[in-house]
Amino acid sequence: MNSRQSNILNDINTILLPKLCFGCNVRLNRGEHLLCTLCRNQLPLTDFDFSEENRVDRIFYGRADIKNAAAFLYYTEQGIVQNMIHYLKYKNQEPIGIFLGDWFGQCLKDAPSATFDFDMVIPVPLHRRKFRKRGYNQVAAFGKRLAFHLDAEYREDILVKKINSRTQTTKSRFSRWQANNELFGLSDAILPEGTSVLLVDDVITTGATLEACANTLLQVPRVSVSIAAMAVVP
């Protein structure tokens with residue numbers, strides 16, 4: 001099949017099954033991938049990397065011994081980022097995680113004053129029941145692409161979620177902190193002493209989940225933990 005025939009078939013498929021923008025749901029034009037050009041240009045990039053202190057770092061001050069922290073996008077309700085995360089999390093659209101992981105991973109790799117060197121990328125885990133129901137961890141594709149660009153090992157067998165937690169909005173702050181610190185544990189897989197870990201998640205709101213995961217990892221001697229997320233709530 002030549003390129004002209006391939007383009008014709010692609011055009012037919014686009015008419016029968018049009019690809020829509022995950023940001024605004026308009027039909028994508030040829031050459032556009034996942035997002036239309038307008039939505040892509042409107043993505044609220046944070047410009048955070050690991051080269052200097054930022055507001056994501058400050059979320060964890062006094063809560064967990066985090067070496068560096070960064071998020072790729074700002075998350076707001078009724079926005080493009082919310083739509084993308086929704087499709088990724090609930091509609092089995094893992095290509096969104098690949099897209100964000102490749103983009104953010106390249107940005108981190110190309111940061112002019114980057115001095116980090118990660119051994120391992122670990123995602124925030126799902127409880128096994130939720131994993132069976134959803135069929136995938138929405139952070140996995142993002143984490144795998146970050147690991148690829150940062151020349152690190154991707155491991156999802158180190159951290160486990162022990163309790164299938166429900167919403168904690170009605171609990172006091174102390175109760176939520178206590179509950180979160182009981183949620184996660186280390187598996188039987190070995191996390192070597194002195195490992196430099198990049199812990200990844202989708203959206204940072206209060207930071208409680210990442211705090212609990214980080215403190216669990218930090219139980220291993222001389223392990224250092226940094227954090228990378230797809231988005232952060234301003």
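Helix axes are taken here as lines fitted to C-alpha atoms over the stretch in contact, and the angles between them run from 0 to 180 degrees between N-to-C directions. On this basis, the predicted model shows helix α4 (residues 80-90) and helix α5 (residues 95-110) packing at an angle of about 125 degrees, with their axes 8 Å apart. Angles of 65 to 115 degrees count as roughly perpendicular and those over 145 as roughly antiparallel, and α4 and α5 are therefore oblique to each other. The contact is made by Met84, Tyr87 and Leu88 on the side of α4, which meet Ile96, Gly97, Phe99 and Leu100 of α5. Of these contact residues, six are nonpolar and one is polar, while none is charged.

The helix pair belongs to a protein chain with nine helices and seven strands. Of the 234 residues in the chain, 46% are buried, and the accessible surface comes to about 13100 Å², with carbon and sulfur atoms contributing 48% of that area. Among contacts with a separation of 6 or more, 73% are between residues 24 or more positions apart.

Five strands form an open sheet in the order β1-β7-β6-β2-β3, with parallel pairing. The edges are occupied by β1 (66-74) and β3 (153-154), each of which has a single partner strand, so that one side of each is left without a neighbour in the sheet. Helix α9 (residues 208-217) packs on this sheet, where it touches β1, β2 (120-123), β6 (196-204) and β7, and the direction of α9 makes about 165 degrees with that of β6.

Strand β7 (residues 224-232) pairs with β1 in the parallel sense over six bridges, and β7 pairs with β6, likewise in the parallel sense, over eight bridges. In general, the strands of a sheet pair through backbone hydrogen bonds, either parallel or antiparallel. Within the pairing of β1 with β7, Ala70 has Ala228 as its bridge partner, and Ala71 has Ala229. On the side of β6, Ser196 is matched with Ser224 of β7. Eight of the nine residues of β7 are buried, and the strand is therefore largely enclosed by the rest of the structure.

Conventions
Residues numbered from 1 in each chain as written. Predicted model: local features only at pLDDT ≥ 70, side-chain atom pairs only at ≥ 80, totals over all residues. Heavy atoms only, no water. Helix = DSSP H or I, 4+ residues; strand = E, 2+ residues; numbered from the N terminus. Buried < 20%, exposed > 50% of the residue type's maximum accessible area, 1.4 Å probe, protein only. Contact = heavy atoms within 4.5 Å. Areas by Shrake-Rupley, 256 points an atom, 1.4 Å probe, with all protein chains shown as cover. Parallel < 35°, antiparallel > 145°, perpendicular 65-115°, else oblique. Nonpolar A, V, L, I, M, F, W, Y, C, P; charged D, E, K, R; others polar. Pairing = 2+ DSSP bridges.
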